[in-house]
Amino acid sequence: MKTIATALLTLLVSLQMMAGKVIKIQDIEYAPSWMTIKEVELTKGATIIRGTLQPDASILNNTVIVDRNTGKEYKFLRVEGIKAYEQATEETPCTVYFEPLDASVKEINYIEVGNNPLVNYYGIKLQQKAKEGNKSKAFDPESLNYDYYMNQPFTPDTAWHFSNVPYKKAFKAGKAQLKIHVSGIPKELKSVLPDVTARVQNQITRHEENSVISINEDNCYVLDLNIPHPQFVYTKPFGSVFIAPGDTLEMFSTIESAPDGSGPRFKTFRGNSESAMINTLLPEFMKKYGRKEYEYAEAQATIGKGKDATQEVLEHWANQVNEIIADEEFHQALIQSPLSTFGKDLVMISILTNKCIEIQDVVSDYKRKANTYTQMEDGNWKIEPNPDYVELDIKAVYNTMLKNKELIYNNPLAMCESGQWVFVYRTLFGPLLFAWELYKDDDGVERQRRCDKYGMAGTFMNDLFLSQDIVSKMENVQKDIKLGKLGESQNATLDYMSNNVGESLAGIQNVKVAQNIVEEYRKFVKATETAAAEDTGNNWTEEQTTLWNKIVSPYKGYTLFLDFWGMSCGPCRSGMMSQKKLVEEMKDEKVKFLYITTADQKSSAEKWMTENNIKGEHVYITRNEWKQFETMINFTAIPRGALVSKEGKLIEQDFEIHQFNSEELKKLAERF
């Protein structure tokens, strides 16, 4: 009996040792969102990590565990619950086995060797988290949430109603500062964190100003911005932030992603103005009262069903625009919030314009069905009418929305709404304002002219259309003069522009918009009188100048055509295909075509360019270098072209090479 008891005791101890120590993981310094690590079991035979994979994630067999303090690696053994490299289709429990850890290991990192370091786990602590004492806690940025601001003392403004009247004089410009504090940065990631970019827009002129900044030693990005009017500034990778002239606004966030991958795990705000509260409360009001029904896949499926199905959805959404304004529950919710009149109005216009954007997107996507598009071998597109296309009854949709035209389309506050530039752009270049009719001039020649089908004359949106249109024309004329395209017609073109500016000013109602156009015309006259190319490099930082020289100096003595592109950009690849003949015709000239994209696309880019015989210089830069170029050349969308002289000077930062044939490009190369 004693022998049997001893054997059983030995077996029990052995099983306990085999089972090992199970640690419920409560503390990970940095955890990306693709997997949730729940526990680690330490046995003599293996280190076992249990967790849940998110959809589309996978376990790679190049993964190792690293002792955070010594750097010693422990190899991957196997995975249970899913095969290595197999993508999860839904949340999937899995168990990953590694070599057994040494007894001295206290913290580990879960590393996918050779992959983006931001997908790894850092600082997985192999001890239970100590219980917090009763001492007062330090400032917790995550506490600055919806409830925090809604519980601030205030007196309800029962007289409030949505109005455009306070904004008729538009807004003043000014400086603002945005500080982005980032928590949860492990030591392993500090040196590889991406730079942050911010895009500020002037909706009156459609000018953009891009800023880029690196993180400082206090784990903070500090952006000094020139704000032409209150607006949502797009920051990458932290998303949209509302900021107004005069603001000092702090954002608190993390490089950890939200579980759905939509952005950072949290964003909170505080500052010297109401902007912090607006940033916090607007998303919640949007969710509750925005009547969000648009999903891209469902919208495309509806469009695929044809005119009747699409018309029904659009008219339903158009009615919702008016319902939002009349929604008494929403009205009372805003009254019972601590927001000022401006804050309440901004929340309302943001929710309204968001619904309008949904309508405009579906209208635009449906209209694309009017033609079929086939790309030819030379890269050009063959466009043919679609015989099965049936027009939508656009008037039935827009006339419904225009019942509240004054509040939506004659409201300068629309420049400030949460979609940044989207509502303004969709409106100005959609059916409401971008409508045309045929007419015959005095000589009987049939021409096109813009017409006002929906009575938009006198609205603020019409003012923006006129201002953006005339500024664009001035910029194009100035560019043509710089590139020597006008020749003997230059004086006649300048006279035409002078008359065009006068006609535009006559149609603009808002004084602030008119003042902006007058100022732009002064700059235009000065620039065209001197006919001097703008010295774009004057404001570059030392880092940016060094980057420019790194890319350009190897080609000194050649005129350069820079083309910024990406594999996911269809128009980029289409443009490169169209340029193939041009590149071949220019091969014996002192000219180089530089196709510039990011290094993380090199493998797929080289494959595509080889398959399609794309000649020229293939240049690859880092993501942070790309962001610097966005600031230096001032672009946010691709494709984007630039022209550089033989001396390495930037001549034109928005160069559209498709407007030139090979002979014209040869002359241009000689000119510079």
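In this predicted model, R291 is partly exposed, with a relative accessible area of 25%, a value that lies between the limit of under 20% for buried residues and that of over 50% for exposed ones. The residue is placed in the loop between α3 (275-289) and α4, and R291 adopts a positive phi of about 50 degrees although it is not a glycine. A positive phi is also found at N613, again a residue that is not a glycine, where the angle is about 55 degrees. N613 belongs to the loop between α17 (602-611) and β24 (617-621), and with a relative accessible area of 45% N613 is likewise partly exposed.

The helix that follows the loop of R291, α4 (residues 296-304), packs against helix α7 (residues 341-367) at an angle of about 45 degrees, the axes of the two helices being 10 Å apart. Because of this angle, α4 is oblique to α7, the term oblique being used for angles that are neither under 35 degrees, nor over 145, nor from 65 to 115. The crossing of α4 and α7 is right-handed. On the side of α4 the contact is made by Y296, A299, Q300 and I303, which meet V362, D365 and Y366 of α7. By character, the residues of this contact divide into five nonpolar, one polar and one charged.

Turning to the strands, nine of them form an open sheet with antiparallel pairing, in the order β1-β3-β4-β7-β6-β5-β8-β9-β2. The edges of this sheet are taken by β1 (21-24) and β2 (28-30), each of which pairs on one side only. On average, and with direction ignored, neighbouring strands of the sheet are turned by 30 degrees against each other. Within the sheet, strand β6 (residues 73-80) and strand β7 (residues 92-98) pair in the antiparallel sense over four bridges, and E80 stands opposite T95 in β7. In general, the strands of a sheet pair through backbone hydrogen bonds, in either a parallel or an antiparallel manner.

Cis peptide bonds are considered last. One such bond joins K236 and P237, with omega at about 20 degrees, and P237 is found in the loop between β14 (231-236) and β15 (239-243). The peptide bond from I638 to P639 is cis as well, with omega near 5 degrees, and P639 is located in the loop between α18 (623-632) and β25 (640-644).

Notes
Residues are numbered from 1 along each chain as its sequence is written. This is a predicted model: local features need pLDDT of at least 70, side-chain atom pairs count only at pLDDT 80 or more; totals for chains, interfaces and linings use all residues. Side-chain values use heavy atoms; hydrogens and water are left out. Axes are lines fitted to C-alpha atoms, for helices over the stretch in contact, and angles run from 0 to 180 degrees between N-to-C directions. A crossing is left-handed if the near helix is turned anticlockwise from the far one by less than a right angle, and right-handed if clockwise. Contact means heavy atoms within 4.5 Å. Ala, Val, Leu, Ile, Met, Phe, Trp, Tyr, Cys and Pro count as nonpolar, Asp, Glu, Lys and Arg as charged, and the others, Gly among them, as polar. Two strands pair if DSSP finds at least two bridges between them. Buried means under 20% relative accessible area, exposed over 50%, partly exposed in between (1.4 Å probe, protein chains only).
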